[in-house]
Amino acid sequence: MLYTIIFVGLKTILMRILILNGPNLNLTGTREPEIYGHQTFDSLIKQLLKLFPKAEITYKQSNVEGELINILQAAYDDFDGIVFNPAAYSHTSIALADTIRSMNIPVIEVHLSNIFARESYRKNSFTAEVCQASLSGFGMDGYRMAIEYLLRNA
Ligand code: DQA
């Protein structure tokens, strides 16, 4: 009985956060490092797990639009908040925007680079329009900032 109560107590303090990355972000660390930096997501996730012991952090990445939609749709029951970098799909995908619009948990968009300071086709984000908030240009630090926001506000 006592154990049950302790277990439930521990569960309630753990916020379940999904970090979801879109196409080409699996190459981060070697892909255009002058724009996206040298750090890999493997190393970032290790840092975030240490930094946020009160968050249950799950990391997923896909290069496929439909897979990202399936992951988001399945996230309703399993997560309390999502940190999402849709990568190039931000600028093209009405489908992903529609999925985010239908979600009942907060989604924060993150971009490593400052999309407003780059090519004109990157300045619009269909997905950011329907996210609770968006961060752009803070590099890997944007993911930490988004998690801090979720822990405080979600
Ligand atoms: C990006 C910005 C996008 O424009 C680009 O297509 C990416 C990465 C970023 O994190 O800065 O793949 O989302």
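I take a pocket, on a 1 Å grid over the protein atoms alone, to be an open set of points where a 1.4 Å probe fits, with protein on both sides within 12 Å along at least five of seven lines, and its lining residues to have an atom within 4 Å of a point. I count a molecule as sitting in a pocket if more than half of its atoms lie within 2 Å of its grid points.

The model is predicted, local features need pLDDT of at least 70, side-chain atom pairs count only at pLDDT 80 or more, and totals for chains, interfaces and linings use all residues. Residues are numbered from 1 along each chain as its sequence is written, and side-chain values use heavy atoms, with hydrogens and water left out.

I looked up where the ligand sits, and the space it takes is the largest pocket. I noted a volume of about 160 Å³ for this largest pocket (the space filled by probe spheres set on the points, which are joined across faces, edges and corners). Its lining has 15 residues, and Arg31, Tyr36, Ala87, Ala88 and Arg122 are the closest to its centre.

I then looked up polar contacts (pairs of N or O atoms within 3.5 Å). A polar side-chain atom of Arg31 lies 2.9 Å from a ligand oxygen atom, while for His91 I found 2.7 Å.

Methods: A polar contact is a pair of N or O atoms within 3.5 Å; within protein, one must be able to donate a hydrogen and the other to accept it, and residues adjacent in sequence count only if both atoms are side-chain atoms.
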